[in-house]
Amino acid sequence: MRKTLFMLSTAALLSGCMGYTPLYAPVKEEIGSVHVGTVRMLDVERNVGERRVAQLVANHLRQSFHGSMSADYELDVDIEETESTLAVRRDATDQRLQINLDADVTLTKEGLDTFKVSLKTSVAYNVEDSPFGTETGRTQARESAARELSESIIQRIALYFNQHQSEQQ
């Protein structure tokens with residue numbers, strides 16, 4: 001009796017998964033035909049650590065998009081970094097800060113923009129009594145924000161290809 005009840009409940013749960021389709025498998029070829037072009041910071045007068053965000057995003061994107069210079073699609077990303085205060089101590093000094101990354105993503109094919117999107121991500125960090133601790137927190141927050149941003153870009157482009165492919169069928 002218990003086995004029958006277990007089997008029926010398992011079958012009912014699994015029947016809800018019938019509409020599931022993988023995101024990356026159907027668009028594997030399209031993702032492979034994307035060349036990561038320009039990934040840059042909009043404010044080039046920033047410190048070296050702040051410009052490193054573009055390098056981190058570009059490296060992460062190149063791990064997913066393997067297209068050569070002659071690929072069908074080219075991906076360009078413009079990133080702007082800002083910092084905002086989340087919490088203030090009683091003595092009016094910052095206690096918690098947030099790094100905000102805004103990115104304008106453009107996917108072009110044969111010189112024409114085929115997909116454009118603006119993405120945002122933010123990561124917070126604490127301001128410590130030690131300047132070294134604060135700078136370490138800022139660096140880790142910046143790296144985490146760059147990773148989140150690049151993963152969002154990858155997902156949005158995969159969704160674009162997935163939707164574009166289903167429209168053609």
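**Exercise 1. Which residue of β2 is the bridge partner of Val34, and how are the two strands paired?**

Step 1. In β2, the residue that bridges to Val34 is Tyr73, where strands are DSSP runs of E of at least two residues and helices are runs of H or I of at least four, both numbered from the N terminus. This is a predicted model, in which local features need pLDDT of at least 70 and side-chain atom pairs count only at pLDDT 80 or more, while totals for chains, interfaces and linings use all residues. Residues are numbered from 1 along each chain as its sequence is written, and side-chain values use heavy atoms, with hydrogens and water left out.

Step 2. A further bridge links Arg40 to Asp78 of β2.

Step 3. β1 and β2 (residues 73-88) pair in the parallel sense, over six bridges; two strands count as paired if DSSP finds at least two bridges between them.

**Exercise 2. Place the four strands in their sheet, and state which strands stand at the edges**.

Step 1. Read along the sequence, the pattern is α-α-β-α-β-β-β-α, which gives four helices and four strands.

Step 2. The four strands form an open sheet in the order β1-β2-β3-β4, with mixed pairing. Because β1 (34-41) and β4 (112-126) each have a single partner strand, they stand at the edges, and one side of each is left without a neighbour in the sheet. Neighbouring strands of this sheet are turned by 20 degrees against each other on average, direction ignored; the axes behind such angles are lines fitted to C-alpha atoms, for helices over the stretch in contact, and angles run from 0 to 180 degrees between N-to-C directions.

Step 3. β2 and β3 (residues 94-109) pair in the antiparallel sense over 15 bridges, and within this pairing Asp76 stands opposite Thr106 in β3. The two strands form a hairpin with five residues between them, and Ala92 in the turn has a positive phi of about 70 degrees.

**Exercise 3. Return to Tyr73 and describe the aromatic pairs in which its neighbourhood takes part**.

Step 1. A search of the whole structure finds three aromatic pairs; rings of Phe, Tyr and Trp (its six-membered ring) pair if their centres lie within 6.5 Å, and planes under 30 degrees apart count as stacked, over 60 as edge-to-face and the rest as tilted.

Step 2. The ring centres of Tyr73 and Phe161 are 5.0 Å apart and the planes stand at 70 degrees, so this pair is edge-to-face. Since Tyr73 lies in strand β2 and Phe161 in helix α4 (residues 131-168), the pair ties together parts that are 88 residues apart in sequence.

Step 3. Both Tyr73 and Phe161 are buried, where buried means under 20% relative accessible area, exposed over 50% and partly exposed in between (1.4 Å probe, protein chains only). The rings of Tyr160 and Phe161 have centres 5.5 Å apart and planes at 50 degrees, so that pair is tilted; Tyr160 is buried as well.

Step 4. Tyr73, Phe115, Tyr160 and Phe161 form one aromatic cluster.

**Exercise 4. Which residues have the most contacts inside the largest nonpolar core, and which element gives the most to it?**

Step 1. The largest nonpolar core has 37 residues, and Leu61, Leu75, Ile79 and Ile153 have the most contacts inside it; such a core is a set of buried Ala, Val, Leu, Ile, Met, Phe, Trp, Tyr and Cys residues joined through side-chain atoms within 4.5 Å.

Step 2. Two or more residues each come from β1, α3 (48-64), β2, β3, β4 and α4, and α4 gives the most, with 10 residues. In soluble globular proteins, nonpolar side chains tend to be buried together.

Step 3. Not counting residues up to four places away in sequence, the residues that Ile79 touches include Val39, Val57, Leu101 and Leu149, a contact being heavy atoms within 4.5 Å.

**Exercise 5. Is Ser150 buried or exposed, and how does Ala71 stand in this respect?**

Step 1. Ser150, in helix α4, counts as buried because its relative accessibility is 0%. With residues up to four places away in sequence left out, Ser150 touches Val57, His60 and Leu61.

Step 2. Ala71, in the loop between α3 and β2, is partly exposed, with a relative accessible area of 22%. Under the corresponding exclusion of residues up to four places away, Ala71 touches Ser33, Val34 and His35.

Step 3. For the chain as a whole, 33% of the 169 residues count as buried.
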